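User: I am new to this structure and would like a close look at a single part, the start of the chain. Please walk me through how that part is put together, and then place it in the rest of the model.

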Amino acid sequence: MSIDAQILSALRQASRGAVSGAELSQKLGISRAAIWARIEELRQLGYDIEASPHAGYRLVSVPDVLHGDDLQSLLPGNRIIGRDIRVFEETGSTNDIVEKLARDGVREGVVVFAESQTQGRGRLGRKWFSPPRKGLWFSVLLRPDLRPQAATQLTVAAATALARAIQQVTELRPQIKWPNDILIRGKKVAGVLTELNAELDHVKYLILGIGVDVNISASELPRDLHATATSLRIETGHMVHRAELAAAILRGLDDDYTRIREGKFAELSDEWEKQCETIGKRVVIRVGERQMAGLVESLDEDGALLLRTEHGRLERVIGGDVALEKKAG
Ligand code: BT5
């Protein structure tokens, strides 16, 4: 952890609300003057840190910016996801930045956030609206020991972690729409874009791109998204602290990734199925030019959707767009 992350972490944990310069200096192994200089830097970034000669430093409020060190200070030490966090003010797509890091051999777990994206994308080249400071737009590099067919497990992990974190932080009750949407009251609030580089029998690396609409107001949503999209702010009626939500998502994703690595995907898919609105419903799934109708039964051990078709066959579906079947008449 960097010095700033350690300072923020100590300020957050301070039992009496404040921590003295001497304590910080001893804990971090740097001089009190150096601590003072770091605190000044943090203040410049918008962290309101009070200093009193008796009590010491107290964290009064944090700004609504994403800051790698601050995010680090909100995460537990021993983890894979988020051991390296980088924040950009603006990028094309965070998935492209992570792709480059992957090709350069950077180890798994690195997370890249952008305050805004100019070329944010969804699946099949669709556009993803990513305005400055209103959401979480980030990508995670993973190097899982999986067959390419099982990569969907990670989309399932991301969706589960997202639904859980949103519920923890906002008390809203999100639903998962297979394969990659998180909905609140039927409208999309988050999406996952999983991109893969694989050989025939194993995944070389996988990029989880995650977009969450956090503080977008109704009037800021583009016209074409009005009917289908929402944000946590619209649903709760108040602003949501993005760093806190980001940390909750990363913690949950790290737990889920551990479960996958330990061969416990079944636990994860049980949790997913409980929050999935598509299970047990009659749906129509479009995969490219093909269209299949049937009843959604469950996920299989690779994370694929099992669909009982009209003809009674069980189809294994790994991607596509799902719509609930409209009743005839
Ligand atoms: C997705 O695609 O839902 C995946 C979205 C992943 C975005 C993240 S942000 C960080 C990372 N970097 C990237 O470049 N991407 C990832 P899909 O299921 O294809 O849905 C795309 C559709 O959602 C669009 O065609 C719009 O209809 C709608 N949409 C676009 N922006 C939206 C937004 N901000 N909120 C809700 N819906 C949106």
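Analyst: In this predicted model, a good place to begin is helix 1, which covers residues 3-13 and in which Asp4, Ala5, Ile7, Leu8, Ser9, Ala10 and Leu11 are buried. These buried residues pack against several elements, namely helix 2 (21-28), helix 3 (32-44), strand 1 (48-52), strand 2 (56-61) and helix 4 (68-73). An α-helix has 3.6 residues a turn, so residues three or four places apart point the same way.

Of these partners, helix 2 can be followed in some detail. Helix 1 and helix 2 pack with their axes 11 Å apart, at an angle of about 130 degrees. The two helices are therefore oblique to each other, an angle of 65 to 115 degrees being counted as roughly perpendicular and one over 145 as roughly antiparallel. Helix 1 passes helix 2 in a right-handed crossing. On the side of helix 1 the contact is made by Ile3, Gln6, Ile7, Ala10 and Gln13, while helix 2 brings Leu24, Lys27 and Leu28 to it. Sorted by class, this contact of helix 1 with helix 2 has 5 nonpolar, 2 polar and 1 charged residues.

Lys27 deserves a separate look within this pairing. Lys27 has its place in helix 2, and it is exposed because its relative accessible area is 57%, where exposed means over 50%. Not counting residues up to four places away in sequence, Lys27 touches Ala10 and Gln13, and of these two Ala10 is listed among the buried residues of helix 1. Lys27 also lies 9.1 Å from Gln6, C-alpha to C-alpha, although the two are 21 residues apart in sequence.

To set this part in its wider frame, the domain assignment of the protein chain gives domain 1 (3-61), domain 2 (68-275) and domain 3 (282-324). The centres of domain 1 and domain 3, taken over C-alpha atoms, are separated by 54 Å.

Further along the chain there is another helix pair that can be described in the same terms. Helix 6 (residues 152-170) and helix 8 (residues 242-261) pack at an angle of about 140 degrees, with their axes 8 Å apart. That angle makes helix 6 oblique to helix 8, and helix 6 passes helix 8 in a right-handed crossing. Among the residues that make the contact are Leu154, Ala158 and Ile166 of helix 6 and Leu245, Ile249 and Tyr257 of helix 8. By class, the contact of helix 6 with helix 8 has 14 nonpolar, 4 polar and 4 charged residues.

The loops hold some details of the backbone. Most residues other than glycine have a negative phi, and most peptide bonds are trans. Glu171, however, has a phi near 65 degrees, a positive value in a residue other than glycine, and its place is in the loop between helix 6 and strand 6. Arg185, in the loop between strand 7 and strand 8 (187-198), has a positive phi of about 45 degrees although it is not a glycine. Glu171 is exposed, with a relative accessible area of 70%, and Arg185 is exposed as well, with 71%. The peptide bond from Trp178 to Pro179 is cis, with omega near 0 degrees, and Pro179 lies in the loop between strand 6 (175-177) and strand 7 (181-184).

How values were computed:
Residues are numbered from 1 along each chain as its sequence is written. This is a predicted model: local features need pLDDT of at least 70, side-chain atom pairs count only at pLDDT 80 or more; totals for chains, interfaces and linings use all residues. Side-chain values use heavy atoms; hydrogens and water are left out. Domain bounds come from an automatic or database domain assignment. Axes are lines fitted to C-alpha atoms, for helices over the stretch in contact, and angles run from 0 to 180 degrees between N-to-C directions. Helices (H or I, at least four residues) and strands (E, at least two) are DSSP runs, numbered from the N terminus. Angles under 35 degrees count as roughly parallel, over 145 as roughly antiparallel, 65 to 115 as roughly perpendicular and the rest as oblique. A crossing is left-handed if the near helix is turned anticlockwise from the far one by less than a right angle, and right-handed if clockwise. Contact means heavy atoms within 4.5 Å. Ala, Val, Leu, Ile, Met, Phe, Trp, Tyr, Cys and Pro count as nonpolar, Asp, Glu, Lys and Arg as charged, and the others, Gly among them, as polar. Buried means under 20% relative accessible area, exposed over 50%, partly exposed in between (1.4 Å probe, protein chains only).
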